[in-house]
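Student: I should like to go through this structure by asking why each descriptive term is applied.
Tutor: Very well; let us set each value against its criterion.

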Amino acid sequence: MSAMGSGVPLLNDYKQEFFWKRFPQTVLGGPKLRLGYDAPCFVYMGQILLFFIPWIIGGIFTALVETAILEFEIAVYVFGSIMFLFVLCGQIVSSIIHNQRSSQGQNIHTASLLAEEDEVDFASCCGAETIGFIIPPKKYKFNIILHSVMSGVICGLGLWYLLPQTFNSLYYNNIGATVILYILGWLTLCISQYPLTTCAPPELSTYTTLDTFEFSPMLRPFYIIVCESFFLLNRFLSGFLLADQILHAVFVTFPFLWIVGVLPPLDALLFWGLEQILIVFFGGTSTSSDLWTIVMLLVSVSVFLAVYFIPMCLGSIVMAAALGYILSTDIGGLLRDVIKYYQTRNKVSSSQTLNSVSDKHRGFPWSRLFLTVVFHLIMTGVVIAVSLCLVLYTTSVWTNAWLVLGYVNVGVLILEKLLRDFQGVFICFGLWRNKLFPGSAQSQRIFRRRKCFLNLLGYLRRFVINFVAPLVMLSYLSLVNLTSDPSSLSCRLSLSTADGVWLMLSITRAYRWVWQSTVHSLLELSVVHIILVNLPTNTTVQYLGAFRLLLITSVCRDRLYQIASKLYFCFALLITSWTDKKQRRKSSIWIVLVNLLLFPVVLAVVVVAAVLSAPLLPLFSLPVFLIGFPRPLRSWPSSVGASANTCADTVFYKQLCHNLAAAMKTAFANGSLGEPHPGNHYLLRFQDRMIWVLILERGGTYCTMSIKGLELQETSCHSVEATRVDDIFEMSFESETGFPLCSLNQYPLHTLTPCDAVVVQTYSDAKNILTGIIDSPDNFKFVFAAFPKVLIWVLMNEVFKLNDRKQAEEKQRESSLTKLETKDSWSNNNNKEACLPQKDTVVTIGATSIDKAEHPVVHELEEDDVWSDSRPTSAISLGHKRKSSWGSSLRSFSSILSTDKDFIEMDEVKPSKKKSSQRNLKSSGSVEELGFGMPAVDPKAKAKPPPLKPAFQVSGKAGNSIYRPVTNLAGSAEFMSPHSSRLSLPTKWRELPIEESRVKKLTREFPTDWYRHVIESLPITSPDQSTREITAELVKDEVLHDIYSQLTMSCCGMFDANGMASHGGSTSHLYKCYRGDVPWNAMLDWLTEDKHLFGLVLQAYRYSFKLMLDQCVLGEISDNEELAEYLTDYKNNWYIGLDTDPEWNAAVINNKPSLFSVGLASSQGTYSSRVVTLQDTVVHMGRLNAEAVRGQWANLSLELLYFTNDDEERYSIQAHPTLLRNLTVQSADPPLGYPIFSSEPISVCLL
C-alpha cells in the first residue's frame, strides 16, 4: 500500500495492448485495423472499402445534384435504396456462408492451432473466413431487414443533410463552414453506418453487459436520425431554423462524443429521458424499476391531459390538487397490499389478512390496509376542500392574503430547517457539532433518555412537514389569481397553445410537488414569493407568472445542488491526489497544474454534467474529469436486489434488514438524516459490519430504499477505509469529557458526513479459542456423564409434546366429524372388522378399552409406521396398516418422524369409549389379546409378559445387506399407569441392534434420579387425578423406565463405543461427535436410518457439550433443578449446532436469541466456539456525497466494461480514506460490485 501511488499501473501491459486493439474500432465505428497478429492486406483493404462506400457513392450523387444533373429528391431515394440493398445483400451472403459451414460442422473463423490468441487463417480475399470476418452475420434474421432499412434511411437523408447547398442555406454561403461540415459530416455518416453493415463497435458508454437483441448497432444511427429529423422539421415547418443550425454543428462532433462516451446507449437514454421528464415536467420522483417509471409517466401524462382540457379554471385547479396528492403517495405499495389482500382473504381470517398485508415498515402508524386507504381519502378530501374554497372565493378573500401566506411559507421553511438540523449530530452544513445531541452513545439507556427531547422536536417536524407546510403552500397556490371568473373561464384563456400547455403543465406540477417533495418545494416557493414581491412590474416575471416561475426555480435549484456536489467531488479528488502520499503519482503534479490552468474548462464540464444530470466521471479515479453518459439515478440496469455475492454472513444482513428499515424510518421522519432525496447514499457502521443504503423513491408520506450489506472479511484496502469511518464516527459521537460548545467537524471535506445513531436489535458475533477447555480429560468425562441425562430430558419432552399435539388434533378431528354417515361409508369399512365397535366383547389394554368384532381380524400398522405399538399378530394382518386409534396408548404412537400434517389419519368412525380396570383382560372365547411389540399369542392363553430375547433383523440395500441383532425392549405392553402412553416411545425405537447382555450392562448406569426428576417436571394433567398423583404412577412404571433406560444408554453407548468416557479421550472425538461425524459402530446404521431420532440424540450431545463450556465459565451445576433450567434455556433461547447448517440461517431469520457453534481452524489446529447473541446495538449513520458515489460508479462501469480492467490490484480500487473508493466499488451492483446482501426495494412511511 505504501507504494500504491507510483507502483500500481492504471492498466497493466496486457490490458494496454487490448485497449489499443479496441480503441480504433470505437473511433471508426467498427473496422478492426489492429488485430494483434499478421493478416493479409486484403483484410484491411476490405474493411476500409466497406467503411468508405457510403461516402464514395454519396459523393457521386452529391456531384450530380450540385451540377443540376439530378434532382436532389431522386438522388435521396436512389442513394438510400442502394445502401439498403448493399447492406441487405452483404448480410444475406454472410448468413448463407455461415449456415453452410455450420451445417458442415465447420467454424466460420478457422483458428491457427499454434497461435497464442484466436487468430484467423485467411485463405483469399473472397473466402468464407474473410467474408465472415469483415461482415459478421446477424444473430437474429429480422435484424437483417431492420438494419438494412435504417442504413437506407440515414444514408438517403444524410445525402440531403450534407449537400453543400444545404450548408449554404443554413450558414449564409459560408464556404469555410461548408467545406469543414461537409468533410466531417460524411466521416460521421460513415462511422455511424458501418455498424449496420457489420456489427456494433465497443462503446465507452456501455450500460448493460449483454446485448440480447442486437440494439447496439443502432446506437450511432439513432443520433444521426435525430439530427435528420430536425432538418426535415425545418424544411417543412417554421421555427426550427436555430435548432437545425445547432444540430448541424453538433452532427460533426458525434465522433468525438462517441470517443469520450458522453452519448448514452439506447436503453440508458430511454429510461434517463423518461425519468427526467417525470421529475422535471410532472413533479414526480425517480422509481425503483424501469416498468414503474413508464407506468407513473403514463399516469402523469393522463392527469395533465385531464387538467388541460377541463374548460373551467376551478375544475383544473381542484383536479390538479387532488390528483397531485394521490400521485405523491405510495401507489405501488398500496396496489401490492390490495392484491395481496384479495389473494389471501380466502385463506385466513379477514382480521389476520388485514394485519398481514401491510408491511409494518412501509405501512402507516397503523398496519391495517383499510385505515391507510381511509387516511388518504380524508387527506384527498381536505385538499379538494381547501383548493375549491380558496379558488372559488379568491375575489372575496383579503387582497393581501397571498402575501401573508408567502411570508408564512418562508417562516415554515426556516422552522423546518432548524427542526431538521437539531436532530443531527452536526449543524451548519455538517461543520458544527450539535450541542443538543447526546455526547455519547455507549450507554444506550442514557443515549435514549437524552434523545427524548430531540424526538419531541422530531414529532413537531413531522407535523409541520406532513400537514402544515403542504397545506400552507396549497393555499398560497390557490390564491394566485389566474382568471377573473375561475368558475366559468379557463386558466389558459387568451393564451397561445404553447403558452397554454406551458402554464397547465406548471400548474399540474406545482400542486403535486408540494406533496412529492415538500422540503424542496418550501424553498422554491419562498424564492418565487420573494421574486414576485420584489419584481412586481418586471415584464418577464409578469409573463411567466407564479406557476411557471416555480417550474424554472425547481429545475435551477436541482441543478445548482448538483453543481455544488460535483464541485466538492472535484476539489476533494484533486486535493487528495497530492496531499495524500498514498494517492500521489508521478503525474499528479502535472494533472493538478492542468486542472488549475484549465479550471474554466473543468467548471464547464461540471456545469454540463449537472445540466444533463449525468455523473462526473474521474478517469481511472484520477482528477481527469469527463462527462459520464446520462443514466437513471439508481445507476444500474438490473432490478434492485436481483443479485448479490451471497455467503455465510448474508443471513445476518437479511435478519437486520427490516429492523434497520424501521430505525431509518424514524430517522428520516424526524429529519436526523436530512431530506431523503432520490439518489442519496448513506453508510451505516456497527461492530465489524458496513451497510450501504440507497434512496430510490421519495413521496409525500414515504420513501423507498435499497439496503446492501458489505463483506465482513475485510481486505487491507477495506480495513483502511473502515478504520477511517470508525474514526469519524467516534470523533462525532463519543467523547469522555463531553463536546465543547464550539466543537467542529474534524473531517469537513470527507465524503461521509455523520448524521445520527440509532439502536437496532441485531446479532453480535463472538469467537473464543477452546484450547485448555476442550482438551481437558475432566471436561471430556463431563460431556459423556451429562449426555444420558440430557438425552432423557430431550426424548421425554419431545415425545410428550408430540403425543399431546396428536391427541389435541384427534379431538379436533372428532369434533368436526359429521353425525350421520351414509351406508356406503359403512360398507367401505366392512373389510376392517377390527375397527367396528361391538357390544359383546371388550379388550382392555392398560387403561384403554376397545370393542372387538364378532369375527376379529386385527389390522396392524405397516413396518414403516414407527409409532405403531404392535407387531403383526398373524400372517394375514402382516403388511396392513391400522388407520384407527382405539385408546390413549395407540393415539400416542403417531409418527415422530413426520410433521403435524403427516400424522396418521384416523378413521371417520370412532369407537365408543368405555371404562374398565387398568390391568383387567376380559379374555372370553371370542377375545384376543392385542399386544404391543409382541408376536401373536393364543387368545385363550393366560396373559403374561413374554421373555426378553434376541431376534435378528435384516436391513440394508440389495447387494449390501447386513444382519443386525434386534432386542425387543418393550418387555410388556401392560403399562402400570394409564398415563404412560403419553410418554411411550415408538416401536421402532425399541428394537435395537445390540445384544441383550450389552443392553443390561449399559442400563446399569442409567440416572434413575434424574429420570424421576424429569417426569415430575412434566406438565401432565388429567381431570381425574392431580399432577402429583400422575407423576407418582409414572415414576413407578417399570415398563416405561425400561424402554427409556435401554434406548437412552444404547444411544449414548454408540457415541462412546470405545469406552473413552471413563478415562478421557481425544478432543477430535468430541468435535467429530458434535458435527455428527460419529465413529462407525454396529448401532450407527440403525440410528442414522431414523433421522428424527438421530437428530434428537445429536441435539442432546450438543447440549451436553454446551453444558461443559458453561460449567467451565459459570461454575459447576449444583442440582437437578439448575440442570433443568440450563436445558430449558437451551431449548427456548438457543440454537446449538453448526453454522453451516440450514437451521442456523433459519434461526437467525427467526430472531433466535442466541446461537452456538463449534469450529476447527485446520491451518492452526485449534478449536473455537462461536456465540451469536441477539442484542440492542448502536448503529452509526452518515450521509455520503451522492455525486462522489455516482462518479466512482461511472468510472467503475467504464473500466470493467470497456477497458476490462478487472485487476484486483488496480489503482482505481485501492483504498481512498477520503472518498471511500474501495467501499464504493464494493457497493456497486453485481457483476461490477460485490455486496454480500442486497435487499429488494423497501418502502417506509414517514408520517
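**Reasoning from values to terms**

Tutor: In this predicted model, one aromatic cluster is formed by Phe72, Trp160, Tyr161, Phe222, Tyr223, Phe231, Phe251, Phe254 and Trp258. Across the whole structure, a search finds 57 aromatic pairs.

Student: Why is the pair of Tyr1103 and Tyr1130 called tilted?

Tutor: Two quantities describe a pair of aromatic rings, the distance of the centres and the angle of the planes. The ring centres of Tyr1103 and Tyr1130 are 5.6 Å apart, and rings pair if their centres lie within 6.5 Å. The planes stand at 55°, whereas stacked requires under 30 degrees and edge-to-face over 60. The pair is therefore tilted.

Student: What makes this a link between distant parts of the chain?

Tutor: Tyr1103 belongs to helix α36 (residues 1091-1114) and Tyr1130 to helix α37 (residues 1120-1133), and the two are 27 residues apart.

Student: How do you know whether Tyr1103 is buried or exposed?

Tutor: Buried means under 20% relative accessible area. Tyr1103 has 3% relative accessibility, so it counts as buried. Tyr1130, at 1%, counts as buried too.

Student: Which term applies to Ser288, buried or exposed, and why?

Tutor: Its relative accessible area is 14%, so Ser288 is buried, the limit being 20%. Ser288 is found in the loop between α12 and α13 (290-309). Apart from neighbours within four places in sequence, Ser288 contacts Arg634, Val640, Leu696, Glu697 and Pro1241.

Student: Why are Pro217 and Pro1019 described by opposite terms, buried and exposed?

Tutor: Pro217 has 5% relative accessibility and therefore counts as buried. Pro1019 has a relative accessible area of 57%, so Pro1019 is exposed, a term that applies over 50%. Pro217 has its place in the loop between α8 (175-197) and α9 (219-236), and Pro1019 lies in the loop between α31 (1008-1017) and α32 (1027-1036).

Student: What surrounds Pro217 in terms of contacts?

Tutor: Leaving aside neighbours within four places in sequence, Pro217 is in contact with His147, Pro195, Leu196, Ala200 and Asp211. The C-alpha atoms of Pro217 and Pro201 are separated by 7.5 Å, with their positions 16 residues apart along the chain. For Pro1019 and Thr1031, 12 residues apart along the chain, the C-alpha separation is 9.4 Å.

Student: Why are α12 and α20 called roughly perpendicular?

Tutor: Helix α12 (residues 266-281) and helix α20 (residues 497-516) pack at an angle of about 85°, their axes being 9 Å apart. Angles of 65 to 115 degrees count as roughly perpendicular, and α12 and α20 are therefore described in that way. On the α12 side the contact is made by Leu278, Ile279, Val280 and Phe281, and on the α20 side by Leu505, Arg509 and Arg512. These residues divide into 5 nonpolar, no polar and 2 charged.

Student: What makes Asp558 and Arg559 a salt bridge?

Tutor: The closest N and O atoms of Asp558 and Arg559 are 2.5 Å apart, and the criterion is a side-chain nitrogen of Lys or Arg within 4 Å of a carboxyl oxygen of Asp or Glu. The pair therefore qualifies as a salt bridge. Both Asp558 and Arg559 are buried. By this rule the count comes to 26 salt bridges.

Student: How do you know that Arg1190 and Glu1187 also satisfy the rule?

Tutor: Their closest N and O atoms are 3.8 Å apart, and the limit is 4 Å. Because they are 3 residues apart in helix α39 (residues 1186-1201), about one helical turn separates Arg1190 and Glu1187. Both residues are buried. Elsewhere, salt bridges that share partners join Glu416, Arg420, Arg461, Glu675 and Arg698 into one network.

Student: What separation do Glu810 and Lys806 have within their helix?

Tutor: Both lie in helix α27 (residues 777-816), 4 residues apart, which is about one turn of the helix. The side chains of Glu810 and Lys806 meet in a salt bridge at 2.6 Å, N to O, and both residues are buried.

Student: How many helices and strands does the whole chain have?

Tutor: The protein chain has 40 helices and 18 strands, and 53% of its 1247 residues count as buried.

Technical notes
Residues are numbered from 1 along each chain as its sequence is written. This is a predicted model: local features need pLDDT of at least 70, side-chain atom pairs count only at pLDDT 80 or more; totals for chains, interfaces and linings use all residues. Side-chain values use heavy atoms; hydrogens and water are left out. Axes are lines fitted to C-alpha atoms, for helices over the stretch in contact, and angles run from 0 to 180 degrees between N-to-C directions. Angles under 35 degrees count as roughly parallel, over 145 as roughly antiparallel, 65 to 115 as roughly perpendicular and the rest as oblique. Contact means heavy atoms within 4.5 Å. Ala, Val, Leu, Ile, Met, Phe, Trp, Tyr, Cys and Pro count as nonpolar, Asp, Glu, Lys and Arg as charged, and the others, Gly among them, as polar. Buried means under 20% relative accessible area, exposed over 50%, partly exposed in between (1.4 Å probe, protein chains only). Rings of Phe, Tyr and Trp (its six-membered ring) pair if their centres lie within 6.5 Å; planes under 30 degrees apart count as stacked, over 60 as edge-to-face and the rest as tilted.
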